[in-house]
Amino acid sequence: MVSKYRFAESEIYLPGTDIPRNQLGITDPEVLHGVEAELLSGAFELFVQELDDSVVFDEAYFKALHHRSFEALYEWAGLYRTVDMGKGDSLFCRAQFLDQESGRIFGELAKEDYLRGFRSATVDSFANRLAYYQCELIALHPFYELNGRITRLFFDLIALYNGYRPIDYSHALTGEEPNAYIKASIACVQSAECEPLEKIILQGLKRV
Ligand SMILES: Nc1ncnc2c1ncn2[C@@H]1O[C@H](COP(=O)(O)OP(=O)(O)OP(=O)(O)O)[C@@H](O)[C@H]1O
Ligand SMILES: [Mg+2]
């Protein structure tokens, strides 16, 4: 079993806590959460403004989303972790294989033209591919923190590009079934099963 302690030991956290050291010296988790939320929503607006036909949803773009959103707060913004990490009973991709695995995932995504061709496809086929890649990135868990939020934002931008709204996960994060997203993530990490996540995405995917 991978305990919380194991990654709380990492140097990025304030000793004995799961609060990351940050450039604003914030130690209150609620304050930090609020700052992260503001940075993320400001960055999201900018990324949406920048969305056009020249955008390539590759690894550099994915890292840049994390970097540009959180560089004011965290030194490790946009950088992949160098320590092994897990949550609950799940162990994410070993740090030593992160670059290789990320290369494989984004290589597959490139072969599907970064999912840029789903404007006139069925919503089911789009949800299937979004879920496959989101599952892979959930199991990768490449950053120290903010993986969930940046991964969802990445797929929101792909959805917007294809004429959809940002994916609504609220039913699976806070709403009717607040544990559904975590359960689906566990299926991704522990059994490489994307179906639970696909259902969540399909429910939250609406055309503009
Ligand atoms: N027990 C678990 N097993 C597998 N994956 C998990 C587990 N708990 C959480 N996850 C995944 O890890 C993500 C959280 O990672 P992290 O804390 O780096 O990101 P975050 O943006 O801070 O979190 P959140 O997604 O909760 O907003 C979740 O979104 C989920 O996909
Ligand atoms: Mg977190």
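**Burial, fold and ligand shell of a predicted model**

Biologist: What share of the 208 residues of the protein chain counts as buried?

Modeller: This is a predicted model, where local features need pLDDT (the predictor's confidence in each residue, from 0 to 100) of at least 70, side-chain atom pairs count only at pLDDT 80 or more, and totals for chains, interfaces and linings use all residues. Residues are numbered from 1 along each chain as its sequence is written, while chains are lettered from A and ligands numbered from 1 in the order in which they are written. A residue is buried if 20 or more other C-beta atoms, placed from the backbone, lie within 10 Å of its own. Of the 208 residues, the buried share is 31%.

Biologist: Which residues have a pLDDT below 50?

Modeller: The protein chain averages a pLDDT of 95, and 96% of the residues score at least 70. One stretch, with 11 contacts beyond near neighbours in sequence (C-beta atoms, placed from the backbone, within 7 Å), falls below 50. Where pLDDT is low, the predicted coordinates should not be read in detail. The stretch is residues 1-8.

Biologist: What is the radius of gyration of the protein chain?

Modeller: The secondary structure comes to 9 helices and 2 strands (DSSP runs: H or I of at least four residues, E of at least two, numbered from the N terminus). Along the sequence the pattern is α-α-α-β-β-α-α-α-α-α-α. The globule rule (2.2 Å times the number of residues to the power 0.38, with the radius taken over C-alpha atoms) gives 17 Å for 208 residues, so the chain is as compact as a globular protein of that length, with a radius of gyration of 17 Å.

Biologist: Which element gives the largest share of the largest nonpolar core?

Modeller: This core (buried Ala, Val, Leu, Ile, Met, Phe, Trp, Tyr and Cys residues joined through C-beta atoms within 7 Å) has 45 residues, and Leu-130, Ala-131 and Leu-197 are among those with the most contacts inside it. At least two of its residues come from each of α3, α4, α5, α6, α8 and α9. Beyond four places in sequence, Leu-197 touches Ala-131, Gln-134, Cys-135, Ala-184 and Cys-188. The largest share, 9 residues, comes from α5.

Biologist: Which element gives the largest share of the shell around ligand 1?

Modeller: Of the 13 residues around ligand 1 (C-beta atom, placed from the backbone, within 6 Å), Gly-88, Ser-90, Asn-147, Gly-148 and Ser-185 come nearest. The elements giving two or more residues are α6 (147-161) and α8 (180-191). The largest share, 4 residues, comes from α8.

Key:
Two residues are in contact if their C-beta atoms, placed from the backbone, lie within 7 Å. A residue is buried if 20 or more other C-beta atoms lie within 10 Å of its own, exposed if 12 or fewer, and partly exposed in between; C-beta atoms are placed from the backbone.
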